[in-house]
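Me: Got a minute to go through this one with me? I have some quick questions.

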2 protein chains.
Amino acid sequence: MDYKKYFSADTESFMRSPVREIFRKVDLSQIYSFAGGYPSAETFPLETIKRLSAVVLEKYGAKALQYGATQGVPELREVISKRYGVPVDNIQITTSSQQGIDVCTRVLVDPGDVVLTTNPTYLGALQSFKSYRAEVVGIENEKQIADLLAAGSKIKFFYAIPDFQNPSGQTMTLEQRVELVALARKYDFLIVEDSPYRELRYEGAPVQTIYSLAPERTLHLGSFSKIMAPGFRLGWIIGAPELLDMIYVCKQALDLCPPIMDQYMASEFMGGGELDKNLAKTIELYRGKRDHLLSLLEKYMPDGVTWTHPEGGLFLFLTLPEGYDTVALYDRALAAGVAYVAGSFFYVDGSHRNTMRLNFSFLDTSRMEPGIKLLASLL
Amino acid sequence: MDYKKYFSADTESFMRSPVREIFRKVDLSQIYSFAGGYPSAETFPLETIKRLSAVVLEKYGAKALQYGATQGVPELREVISKRYGVPVDNIQITTSSQQGIDVCTRVLVDPGDVVLTTNPTYLGALQSFKSYRAEVVGIENEKQIADLLAAGSKIKFFYAIPDFQNPSGQTMTLEQRVELVALARKYDFLIVEDSPYRELRYEGAPVQTIYSLAPERTLHLGSFSKIMAPGFRLGWIIGAPELLDMIYVCKQALDLCPPIMDQYMASEFMGGGELDKNLAKTIELYRGKRDHLLSLLEKYMPDGVTWTHPEGGLFLFLTLPEGYDTVALYDRALAAGVAYVAGSFFYVDGSHRNTMRLNFSFLDTSRMEPGIKLLASLL
């Protein structure tokens, strides 16, 4: 049977995640993986979660297993409200921050509308934008924006990951954030601030969120994946109640409400101080891993290879001399036993085939050296 | 700030769930609620889940907290495969069966495409169909289908809840299912078979699923909400691998993967025999509630009021004499302390304002009599 004729027009713009396709085929424990954005299993508060699951079922009983409010359970919204200093009414819980990206795109974007991004940017966001047939434009300068508007394009929002960006590892300075907000006000578009790594800072001082600079036109996305555990699939959106109300109505049809017991566990974890304790350990671990990876790159990478020095997060970005092709190299690398993600997957136009993203959170510290040695030998 | 201009065209077709709006405003424990589709908290296997959460964290460790496959964890797909006799490759886990409806609609429907349904039908499905600007048509006879096609409409699928339908409580006979499949083949559309209540049968013999009659063109949706607990937000889709593959790609962008620890708990619950034990108790409880509600309606409802006699599920449907308006009555009923859902919300065109849906799973058996007495006194 030929199913093609049944599919919606959107499906023609669906992108398969090359990262997820890699993970479908290989056993991560058998290779040196610098691919993916998996947190280290060492950071998972296994014993705490074991205890909290019993606590939550004791404390909330059947309520933890019943349907709940589409906005999320009040307890979790309150804990987030306290931690980040925003009113409860400005908080919507999402079933993963990937859903946060998706639902924002769904309520804002019509086919052909423009979404602005930095270039490169997060692959999962590109997947979502393209799935709604947005025109995604990587922005280098103001003139591009003016030209788009002059040509009649409708710019809906700028998508930014200001802290320890995926994939580059770079952080926007306060000046850059202020400038972005000024552009958003001048040209009248919204900002989606994707902030899953913000709390994972290993050096330097935090920079104000974009949301704090322009709460009226920013949707700020948070995630429990990197500060608790990704298996819970919980995130949140902070934004103007008028925007959240539309997201709320959309979410009713998407999945009614986020998982309830998981939300109560997250609220106990964040509200009870366990999160901060675990976060301190996580930061310590990842700082060491980042430093180790940086020293290994210094030691093994051939001349002409450069890389970013992230102040936090999970990734750094490698640039090889012109002419190298990390997409073409990939199968050989995987066969040899080392995985990365080709940098071009993060570029809107698939360019920059001489770049690659390296993750330093997942692989055991002791396995990094043989992994990088192997990777360097392939270059 | 006026946010309207930022919203996508789809948002103009978003529907707020009147059921969810009711629940936003009232404390369910303070009224006699025959509204909603909430399972009884008595059916939740609280102690088992407490035990299974420890078992799962012990057995799977960090794996239960890490990211997982977009299709769902293999263990859960295998357990479903065994229980329902379908290959693992034909199973996709969803983050709630509401997501199942939504993702099927997203990959199949363009604005203006036709979705056929019985009339009345599930409100959450109407919300999803309309949110993608489908033309939803309640079908009474074959001629309507032929006319739609003659007029150039593109019919994508028929949405059916064949077992103990929401809201009517009615079950399609085998003949009706065979006829639907014949129509689908003749006029070349797919069938989305939504089956959250199938295992809750209180009398009579099960009827074959539509999927078993036409596996090549049916997407069958299952749910853990009524056989385990809705708080887990887990469901599944059974269908042809070619259709599931597109759903898989879509789900990558929607939320990457379903909640992992919850999936392991569901697989232990279903695979280990706990589900069947709990289901037997649930069926016993709900059969008693259904019988009690039927006897109360017999006892208290004025002449001219009729209702369905469901063989399973959570709902029955009441028809009042012409001229009654359950939408208009609603605020008065709520103020008096009794809640239902107006039947017209389930009709594609909002007609049949003299009907109402009554749920019999949620309210304690002991509170049903004063509730129905009160409701009858308002009619």
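Reply: Sure; this is a predicted model, and we can start with the interface and then turn to the backbone.

Me: How many residues does each chain put into the contact?

Reply: Chain A gives 88 residues and chain B gives 88 residues.

Me: And how much area do chain A and chain B bury between them?

Reply: About 7500 Å². Carbon and sulfur atoms account for 57% of it.

Me: Why quote an area at all?

Reply: Because the accessible area lost when the parts come together is often used to give the size of an interface.

Me: OK. How many salt bridges between chain A and chain B?

Reply: The count is 8. One of them pairs B:Lys50 with A:Glu58. Their closest N and O atoms are 2.8 Å apart.

Me: What about polar contacts across the interface?

Reply: There are 45 residue pairs in polar contact between chain A and chain B, counting pairs with both residues at pLDDT 80 or more.

Me: Which helices of chain A supply at least two residues to the side that touches chain B?

Reply: Helix 1 (18–25), helix 2 (46–60), helix 4 (97–108), helix 5 (123–131), helix 9 (241–255) and helix 10 (260–271). Helix 9 of chain A gives the most, with 11 residues.

Me: How does that side of chain A split by class?

Reply: It has 46 nonpolar, 20 polar and 22 charged residues.

Me: Switching to the backbone. Which peptide bond in chain A is cis?

Reply: The one from A:Asn166 to A:Pro167 is cis, with omega near 15 degrees. A:Pro167 sits in the loop between strand 5 (155–160) and helix 7 (174–187) of chain A.

Me: And what joins B:Asn166 and B:Pro167?

Reply: A cis peptide bond, with omega about 20 degrees. B:Pro167 is in the loop between strand 5 (155–160) and helix 7 (174–187) of chain B.

Me: Now phi. What is it for A:Ser96?

Reply: Positive, about 90 degrees, although A:Ser96 is not a glycine. That residue lies in the loop between strand 2 (91–94) and helix 4 of chain A.

Me: Is A:Ser96 buried or exposed?

Reply: Buried: the relative accessible area of A:Ser96 is 1%, and the cut-off for buried is under 20%.

Me: What about phi of B:Arg233?

Reply: Near 50 degrees, again a positive value in a residue other than glycine. B:Arg233 is in the loop between strand 7 (218–223) and strand 8 (235–238) of chain B.

Me: An arginine in a loop. Is B:Arg233 buried or exposed?

Reply: B:Arg233 is buried, because its relative accessible area is 2%.

Definitions and conventions
Residues numbered from 1 in each chain as written. Chains lettered and ligands numbered in written order. Predicted model: local features only at pLDDT ≥ 70, side-chain atom pairs only at ≥ 80, totals over all residues. Heavy atoms only, no water. Contact = heavy atoms within 4.5 Å. Buried area = accessible area lost by both parts, 1.4 Å probe. Salt bridge = Lys/Arg side-chain N within 4 Å of Asp/Glu carboxyl O. Polar contact = N/O pair within 3.5 Å; in protein donor to acceptor, adjacent residues only side chain to side chain. Helix = DSSP H or I, 4+ residues; strand = E, 2+ residues; numbered from the N terminus. Nonpolar A, V, L, I, M, F, W, Y, C, P; charged D, E, K, R; others polar. Buried < 20%, exposed > 50% of the residue type's maximum accessible area, 1.4 Å probe, protein only.
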